[in-house]
Amino acid sequence: MVKNKKDTVVFFDTTLRDGEQSPGASMTFQEKLLVAQQLAALNVDIIEAGFPISSEGDFESVKAIAQQVKGPVICGLSRANTKDITTCWNAIKYSKKPRIHTFIATSDLHIEKKLQKTRKQVFDMSVNAVKLAKSFCDDVEFSAEDASRSDVDYLCSVVEAVIEAGATTVNIPDTVGYSIPSEFGKLIATIKQRVKNIDKAVISVHCHNDLGLGVANSLAAIENGARQIECTINGIGERAGNAALEEIVMAIKTKPLFYPVSYNIKTKEIYKASKLVSNLTGVVVQPNKAIVGVNAFAHESGIHQDGMLKDKRTYEIMSPQDVGVPESLLVLGKHSGRHAFFKRLKDLGYKLEQNVMEDLFAKFKLLADKKKCVFDDDINSLVEQSVSGVREVFTVDYVNVTSGVGVIPTATIRMIKTVKNKKEILQEAACGAGPVDAAYRAIDKITGVTVDLEDYTLRAISSGEDAQGEVNVKVKYDGATYLGKGMSTDIVEASINAYVHAVNKIVIMRGGKK
Ligand code: KIV
Ligand code: ZN
């Protein structure tokens, strides 16, 4: 049983029960065990392991978690009836710290339309359910489903009666995520004030996210005396989900003056838990999700990156390491500035002259205009290309290729030939077996260097849909082999760059003689 001091907020994780009710999020027996082990590593106070009556599979996984997972209280959900409660007990009784969680709706809408009962009947069922659960174990939680839409006087009377019957935790769910923070905080304050025996139980809240306010409502509840928070990893759960554990705990950690409470969560385990739940359920975490989204500690703007490099506190209110994210990410893209780019070159181990770095920065900016993110592999290629030492006699100035079904692949290419600072513009068009072949024939005509293409390989370097393609060609000219490499987000352009790279080598090595 959780001994919770007045100033400690206990975390009740329902990823395996309410979270698993997320459409498409079901997990296998083994997967649930893995998640439960990680929740124990995260040091949640209570794991709601499932709803044992709902299926044989759920019963077995709750039982296995109760048998194998040490540390947290292991809780099972049950409706307010004998069969549910008995089945729940049979699944959780193996835990050293078992809890029965029984619930029934208290709003008139649910009582009349869903349960088709009277308030009096629901009142009696609540008390009887808690008494039965109490006959099995000390730790009993009662939830008044749809509490936030229930008549307050009636809700208070039920809460008082279930505490009298032995409930040690009383949960006030915002089942349909209908509340707003000021309203929900007031409801918790009212319960605290009006329910005579409230000091004998822990007030818990369980907020759904239909208006995107699950976390805000949970925090308002803490301010007004709630000391148990029901939540899930990544905020998964029915419909729009439940309040996200990671957001609540990090709000408390980051704003200690507002929330002078302690908690037992090991925040450094958050990221691992988030990844595990997302991988096992297939419920993807949105990139901009607070705390655990891939962009939560990523900075792209040049101004932000400059600030971050000077002092991380300029743009980070918490450290990524605190939640188990290895480090902040300075994403290099079109908004990035010199400071971040030069720092990345240095981190990648390059010691380059200032003028080379400036030249690379200009090339990086051109690339960043074409690509959303410039990755380390892209930078390595830029450096490789730039310092490979091949002087360019021929540079490509214009390319137009047409190809398709029922179209003869054609390429029109314009190149600039530079010899002793004298520039000459040359252009040609050619047809070929495909757009690359057509381009290569046009280049042959321009340069006057006709080679045998011995090998051509294309591979994606870096990641993402807009990854750069790297083309490597091996050409034979006059008995000798020359290699060429080209990079671009466009594979035809990469192919042309590789070919021209090889041709330039031929021209330079043969001293301009063809
Ligand atoms: O949302 C809800 O009201 C619930 C209860 C069973 C606690 O999930
Ligand atoms: Zn719920």
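1. The lining of the second largest pocket is made up of 17 nonpolar, three polar and six charged residues. This note concerns a predicted model, and the points below take up the pocket, the zinc site, the cysteines and a number of individual residues in turn.

2. The second largest pocket holds about 750 Å³ of space. Its lining comprises 26 residues, and those nearest the centre are Glu-327, Ser-328, Leu-329, Leu-330 and Arg-344. Three elements each contribute at least two lining residues, namely helix 11 (302-310), strand 10 (329-330) and helix 12 (338-347). Helix 12 provides the largest share of the lining, with four residues.

3. The zinc ion (ligand 2) merits inspection. Its donors are Asp-18 through OD, His-206 through NE2 and His-208 through NE2, at distances of 2.0 to 2.1 Å. Along the chain, the spacing of these donor residues is D-x187-H-x1-H. Asp-18 belongs to the loop between strand 1 (10-13) and helix 1 (29-41), whereas His-208 belongs to the loop between strand 7 (202-207) and helix 8 (214-223); the pair therefore ties together parts that lie 190 residues apart in sequence.

4. Are the donors Asp-18 and His-208 buried or exposed? Asp-18 counts as buried because its relative accessibility, 3%, is under 20%. His-208 is likewise assigned as buried, at 4% relative accessibility. A reader examining the metal site should bear in mind that water is not among the atoms, so sites may look incomplete.

5. How many disulfides does the model contain? The count comes to zero. Cys-75 takes part in none, and the nearest cysteine sulfur, that of Cys-88, is 6.6 Å away. Since a disulfide requires two cysteine sulfur atoms within 2.5 Å, that separation of 6.6 Å does not qualify. Cys-75 is buried, with a relative accessible area of 0%.

6. Why does Cys-156 form no bond with its closest cysteine? The closest cysteine sulfur belongs to Cys-207 and is 17 Å from that of Cys-156, which is too far for a bond. Cys-156 is also buried, its relative accessible area being 6%.

7. Ser-148 occupies the loop between strand 5 (140-145) and helix 6 (152-165). The side chain of Ser-148 makes a polar contact of 2.6 Å with the side chain of Asp-174. With a relative accessible area of 16%, Ser-148 falls under the 20% limit and so is classed as buried.

8. Two asparagines have positive phi values. For Asn-43, a residue other than glycine, phi is near 70°. Asn-43 is placed in the loop between helix 1 and strand 2 (46-50), and it is partly exposed, with a relative accessible area of 30%. For Asn-234, also not a glycine, phi is about 65°. Asn-234 sits in the loop between strand 8 (228-231) and helix 9 (245-254), and at 11% relative accessibility it counts as buried. The backbone at Asn-43 and at Asn-234 may be viewed alongside these loop assignments.

9. Val-195 is located in the loop between helix 7 (181-194) and strand 7. What is the accessibility class of Val-195? At 2% relative accessibility, Val-195 is buried. Val-195 and Ser-495 are 300 residues apart in sequence, and their C-alpha atoms are 76 Å apart in space.

10. Phe-59 is part of helix 2 (residues 56-68). It is buried, at a relative accessible area of 18%, because that value is under 20%. Between the C-alpha atoms of Phe-59 and Gly-432 the separation is 67 Å, and the two residues are 373 residues apart along the chain.

11. Asn-497 lies in helix 16 (residues 491-509). How far is the C-alpha atom of Asn-497 from that of Tyr-440? The separation is 10 Å, for residues 57 apart along the chain. Asn-497 counts as partly exposed, because its relative accessibility of 25% lies between the limits of 20% and 50%.

Conventions. Residues are numbered from 1 along each chain as its sequence is written. Chains are lettered from A and ligands numbered from 1 in the order in which they are written. This is a predicted model: local features need pLDDT of at least 70, side-chain atom pairs count only at pLDDT 80 or more; totals for chains, interfaces and linings use all residues. Side-chain values use heavy atoms; hydrogens and water are left out. On a 1 Å grid over the protein atoms alone, a cavity is a set of points where a 1.4 Å probe fits but cannot get out, and a pocket is an open set with protein on both sides within 12 Å along at least five of seven lines; lining residues have an atom within 4 Å of a point. Grid points are joined across faces, edges and corners, and a volume is the space filled by probe spheres set on the points. Ala, Val, Leu, Ile, Met, Phe, Trp, Tyr, Cys and Pro count as nonpolar, Asp, Glu, Lys and Arg as charged, and the others, Gly among them, as polar. Buried means under 20% relative accessible area, exposed over 50%, partly exposed in between (1.4 Å probe, protein chains only). Donors are N, O and S atoms within 2.8 Å of the metal (3.2 Å for Na, K and Ca); water is not among the atoms, so sites may look incomplete. A polar contact is a pair of N or O atoms within 3.5 Å; within protein, one must be able to donate a hydrogen and the other to accept it, and residues adjacent in sequence count only if both atoms are side-chain atoms.
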